[in-house]
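The following exercises are to be worked with the sequence and the model at hand. Each task is followed by a solution in steps.

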Number of protein chains: 2
Amino acid sequence: MLRQDFASWMGTIQERVESALDRLLPPADLIPQSLHESMRYSVLGGGKRVRPLLAFAAGEAVHAEAGRIERVACAVECIHAYSLVHDDLPCMDDDVLRRGKPTVHVQFGEATALLAGDSLQALAFQLITDVPLADRAEEQIEMVRLLAHACGSRGMAGGQAIDLDAVGKQLELPQLEHMHVHKTGALIRASVMLGAHCGAGTTQQLDAMDHYAKAVGLAFQVVDDILDCEAPTATLGKTAGKDAAQGKPTYVSLMGLQCARDFAQELRDRAVAALKPLGDDGRRLAELADFIVLRKF
Amino acid sequence: MLRQDFASWMGTIQERVESALDRLLPPADLIPQSLHESMRYSVLGGGKRVRPLLAFAAGEAVHAEAGRIERVACAVECIHAYSLVHDDLPCMDDDVLRRGKPTVHVQFGEATALLAGDSLQALAFQLITDVPLADRAEEQIEMVRLLAHACGSRGMAGGQAIDLDAVGKQLELPQLEHMHVHKTGALIRASVMLGAHCGAGTTQQLDAMDHYAKAVGLAFQVVDDILDCEAPTATLGKTAGKDAAQGKPTYVSLMGLQCARDFAQELRDRAVAALKPLGDDGRRLAELADFIVLRKF
């Protein structure tokens, strides 16, 4: 059971992020319209906003200004949305359903989907450079640097390439973890760290959040694998059971369902333990770890 | 005739940029190897390096440190390379030949080409945030901001979307210019301005270079259209006559060949005139304007 207070905090942040994204994305009637419509379609009106929630929880833990956190939250969500648009393309996962709606290329065509993803990546970097986000400009450059590395060939995009290479192959657990550390872990870590950099945390606090983020990022993926084999498509809002059908290795296929569940719980415990140096300020981050592990969609 | 001194400067910069890109791109044997190989394949060993040359000419005009200019030169070239990789994909121009070699998706597959482009965009932002590039960190954030806007839906990617929408349509000259200002102009302008921001130019000098960059960017495209209808595929290193065959409007199709040539010359003159406030320091930029208009490939 999630505490009422946390559920209400989460709802407030989700609404705030939705409204900020609506404001910060180019308007749908601006030329080129099909591109701007497709960008808005892919980002707005759906998603759990896990990465923005992590950015807010981390930023609040170091008493950062909410306006700053909002910017980085929108930036990481744009990167996430771009990765989904490109991941759904026919040359990648060839998926037709996302968040219960037709995927972007189904709705707008492949070329527009490609450009929407490209533009969303650029937009993320616009969002975190258009306004001051840290007390010192050097700190803000470090934030941009973190995000750029999280997205690149040694981060998220690299993880997707490792994933591609893994289809139909027999992976061991360490290789599966290596893939997920990149594919989903890098951006989750960046979400936490960018949120944290909006405030004036100590090195010890930043390190604590980094350890937390690594464990939570992996937990997120393990739970994703569990849900992919358990939940019906309607609940998930995307095609369920697809990884197994494509012969992709998952935590469930390698460990079995019960062991995967235990592993997710262990990662949750590890994440929460890492927050110790933050004291009560780490409360939202701990609650988010629970939310990530207990979620049903 | 280009002056010998300019030809030798250009050769030196091109070699320097090639060697820097080779050093700054992830090594080919780093996992995921196919991704890193494809990134290197798309960037190294070809291209006129027009954007890096513009960055160097602008940086040198304000006596910037060469090491800083090298970074921004590599960043804009990574963005350019990413745009070519995505532009060549089957869902876009579906081209099989680039710089005389098979395009990236022909060589490595579509999924890897998609991820290579995505990763190159991220790499560009890594390159301009990994090290200090300006006297003040605020100035460097402004550089990142310029690049992010140049790449996005109101810059290069937007220009490609306008281009997509234009296939088979009857465009007038102002609309054609609007497309090119975004599609090629935005990144050319960013190349000049990022180079200029590496030094300590006055506002007047920066404005002069911005005016120069707008004219040169358009001249570049007009000459591209002329070459596309004049030059054989072997000289061009890419499929010639393709725009006309696809029913895409070009400066030649709208103005006729001779008028397009005159227009390119007029833009060259406008670009050179804009450099007046720079005095002799604007020499390389002026020579580059000539190079861009006189090139045969």
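**Exercise 1. Backbone of the loops**

B:Arg49 lies in the loop between H2 and helix H3 (50-61) of chain B, where helices (H or I, at least four residues) and strands (E, at least two) are DSSP runs numbered from the N terminus. The model is predicted: local features need pLDDT of at least 70, side-chain atom pairs count only at pLDDT 80 or more, and totals for chains, interfaces and linings use all residues. Residues are numbered from 1 along each chain as its sequence is written, while chains are lettered from A and ligands numbered from 1 in the order in which they are written.

Task. Determine the sign of phi for B:Arg49, and decide whether B:Arg49 is buried or exposed.

Solution.
- Step 1. Phi of B:Arg49 is positive, at about 60°, although the residue is not a glycine.
- Step 2. The burial classes rest on C-beta atoms placed from the backbone: a residue is buried if 20 or more other C-beta atoms lie within 10 Å of its own, exposed if 12 or fewer, and partly exposed in between.
- Step 3. B:Arg49 has 22 other C-beta atoms within 10 Å and is therefore buried.
- Step 4. B:His63, in the loop between H3 and H4 of chain B, also has a positive phi, near 55°, and is not a glycine. With 11 other C-beta atoms within 10 Å, B:His63 is exposed.
- Step 5. B:Asp135 belongs to the loop between helix H6 (110-127) and H7 of chain B. Its 15 C-beta neighbours inside 10 Å make B:Asp135 partly exposed.

Task. Which kind of peptide bond joins B:Ile31 and B:Pro32?

Solution.
- Step 1. The bond between B:Ile31 and B:Pro32 is cis, with omega about -5°.
- Step 2. B:Pro32 is located in the loop between helix H1 (4-24) and helix H2 (33-43) of chain B.
- Step 3. In chain A, A:Ile31 and A:Pro32 are likewise joined by a cis peptide bond, with omega about -5°.

**Exercise 2. Helix H8 in its surroundings**

Task. How many residues of helix H8 of chain B are buried, and what covers them?

Solution.
- Step 1. H8 of chain B (residues 156-166) is mostly covered, nine of its 11 residues being buried.
- Step 2. Among the buried residues of H8(B) are B:Met156, B:Gln160, B:Ile162 and B:Asp163.
- Step 3. The cover includes H2 and H6 of chain A, together with helix H4 (66-87), helix H7 (137-151) and helix H9 (173-197) of chain B.
- Step 4. After H8(B) comes B:Gly168, with a positive phi near 80°.

Task. Describe the packing of H8(A) against H9(A).

Solution.
- Step 1. Two packed helices are described by the angle between their axes and the distance between the axes.
- Step 2. For H8(A) and H9(A) (residues 173-197) the angle is about 145° and the axes are 7 Å apart. The axes are lines fitted to C-alpha atoms, for helices over the stretch in contact, and angles run from 0 to 180 degrees between N-to-C directions.
- Step 3. Residues including A:Met156, A:Gln160 and A:Ile162 of H8(A) meet residues of H9(A) including A:His178, A:His182 and A:Leu187; contact requires C-beta atoms, placed from the backbone, within 7 Å.

**Exercise 3. The pair of chains**

Task. How many residues of chain A are in contact with chain B, and which helix of chain A gives the most?

Solution.
- Step 1. The contact involves 44 residues of chain A and 44 residues of chain B.
- Step 2. On chain A, the elements that give two or more residues are helix H2 (33-43), helix H6 (110-127), helix H7 (137-151) and helix H8 (156-166).
- Step 3. H6(A) gives the most, with 12 residues.

Task. What turn lays chain A on chain B?

Solution.
- Step 1. A turn of 180° with a shift of 0.0 Å along the axis lays chain A on chain B with an RMSD of 0.0 Å. This is the relation of a two-fold axis. Superposition is by least squares on the C-alpha atoms of residues with pLDDT of at least 70 in both copies.
- Step 2. Of the residues of chain A, A:Ala137 comes closest to the rotation axis, its C-alpha lying at 2.7 Å.
- Step 3. The copies meet through the same surface, because 100% of the interface residues of chain A are also interface residues in chain B.

Notes: Two residues are in contact if their C-beta atoms, placed from the backbone, lie within 7 Å.
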